[in-house]
Amino acid sequence: GAPHARALPRAGVLARRHDHRLPRRGGGHLFSTAWSRETGIFRVSAAGGPAKRIRTGGQAPQFGASSDRVYLVDVAGEDEDVRSLVSIDLNGAEERTHLKGVYFTEARLSPDEKWIAFREKYKVWVAPFTRTGRPFDIGPGMKDLPVRLLSREAGDHLGWSGDSRSISWSLGSDLFTRDLADLFTFAPGAP
């Protein structure tokens, strides 16, 4: 399977490595743990060169508004039921926990870092993303911030438009997109 990657302006490429052809060692996202080694989050120069592992665990790495921090979902707990959106610098240091939840299975930060989309119990939700100085809980029952349902039926592969004004998700072979202005009156372009 191809690793997830995004080019960094002048800095490098970020990837989550999975290789099902390697000898049995660690775990992998879509692949059996029987065929992975040296899993984790890696940084690679855009000019080429060796990959540098910056974190051994985590899922769905992405950049926010700038390329100086990597955001990823951290999964912990005995039943892997403790989930957090954390960020690290490009060396894997200065870890910050931004939000947490028990039931979300995917979380994607908007490119402008003002919104968070997440999938919980097969439904897709979106809420404002704020920096409060401490992690906040996300979920459909959030009380501190408004949260809106995007899809009742399910959704996978959450993705943001480059201007952070719309969110897309898939359901089987169908792709859906929704403008934030349709959900939040305070979103840019809202009536």
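**Exercise 1. Find where Ser164 sits in this predicted model, and decide whether it is buried or exposed.**

Solution. Start with the chain position: Ser164 belongs to the loop between strand 14 (156-160) and strand 15 (166-171). Next, look at how much of it is accessible. The relative accessible area of Ser164 is 3%, and the cut-off for buried is under 20%. So Ser164 counts as buried.

Now check who surrounds it. Setting aside neighbours within four places in sequence, Ser164 is in contact with Ser110, Pro111, Asp112, Trp115 and Leu180. One of these, Asp112, has its backbone nitrogen 3.0 Å from a polar atom of the Ser164 side chain.

**Exercise 2. Do the same for Ala93: which loop holds it, and how accessible is it?**

Solution. Ala93 is in the loop between strand 7 (82-89) and strand 8 (96-101). Its relative accessibility is 36%. Buried would need a value under 20% and exposed one over 50%, so Ala93 goes down as partly exposed.

Then try a distance. Ala93 and Arg55 are 38 residues apart in sequence, yet their C-alpha atoms are 8.8 Å apart in space.

**Exercise 3. Work out the strand order of the open sheet that has 4 strands.**

Solution. Take it pair by pair.

- Strand 9 and strand 10 pair over 5 bridges, in the antiparallel sense. For a sample bridge, go to Ala107, whose partner in strand 10 is Phe118.
- Strand 11 (residues 123-128) is joined to strand 13 by 3 bridges, and these two also run antiparallel. Here Trp125 has Leu149 in strand 13 as its bridge partner.

Put together, the order reads 9-10-11-13, with antiparallel pairing. The ends of the row are strand 9 (104-109) and strand 13 (148-151), edge strands that each pair on one side only. From one strand to the next, the twist averages 25°.

Before moving on, have a look at the hairpin of strand 9 and strand 10. There are 5 residues between the strands, and Glu113 takes a positive phi near 60°.

**Exercise 4. Strand 9 is an edge strand. Is strand 9 largely enclosed or largely open?**

Solution. Count the buried residues: 5 of the 6 in strand 9 are buried. That is why strand 9 is largely enclosed by the rest of the structure, even though it pairs on one side only.

**Exercise 5. Which residues touch the most other members of the largest nonpolar core, and which strands feed that core?**

Solution. The core has 17 residues, and Leu99 and Ile116 touch the most other members. Strand 6 (69-76), strand 9, strand 10 (115-120) and strand 11 each supply at least two residues. Strand 9 gives the most, with 3 residues.

Zoom in on Leu99. Not counting residues up to four places away in sequence, Leu99 touches, among others, Phe104, Ile116, Phe129, Phe136 and Ile138. Another core lies apart from the largest one; it has 13 residues, including Val124, Val126, Ile167 and Ala187.

**Exercise 6. Step back and describe the whole chain in a few numbers.**

Solution. First, the elements: there are 0 helices and 16 strands. Second, burial: of the 191 residues, 43% count as buried. Third, the surface: the chain exposes about 10800 Å², and carbon and sulfur atoms supply 48% of that. Last, the contacts: among those between residues at least 6 apart in sequence, 37% join residues at least 24 apart.

How values were computed:
Residues numbered from 1 in each chain as written. Predicted model: local features only at pLDDT ≥ 70, side-chain atom pairs only at ≥ 80, totals over all residues. Heavy atoms only, no water. Pairing = 2+ DSSP bridges. Axes fitted to C-alpha atoms, helices over the stretch in contact; angles between N-to-C directions. Buried < 20%, exposed > 50% of the residue type's maximum accessible area, 1.4 Å probe, protein only. Contact = heavy atoms within 4.5 Å. Areas by Shrake-Rupley, 256 points an atom, 1.4 Å probe, with all protein chains shown as cover. Core = buried A, V, L, I, M, F, W, Y, C linked by side-chain atoms within 4.5 Å. Polar contact = N/O pair within 3.5 Å; in protein donor to acceptor, adjacent residues only side chain to side chain.
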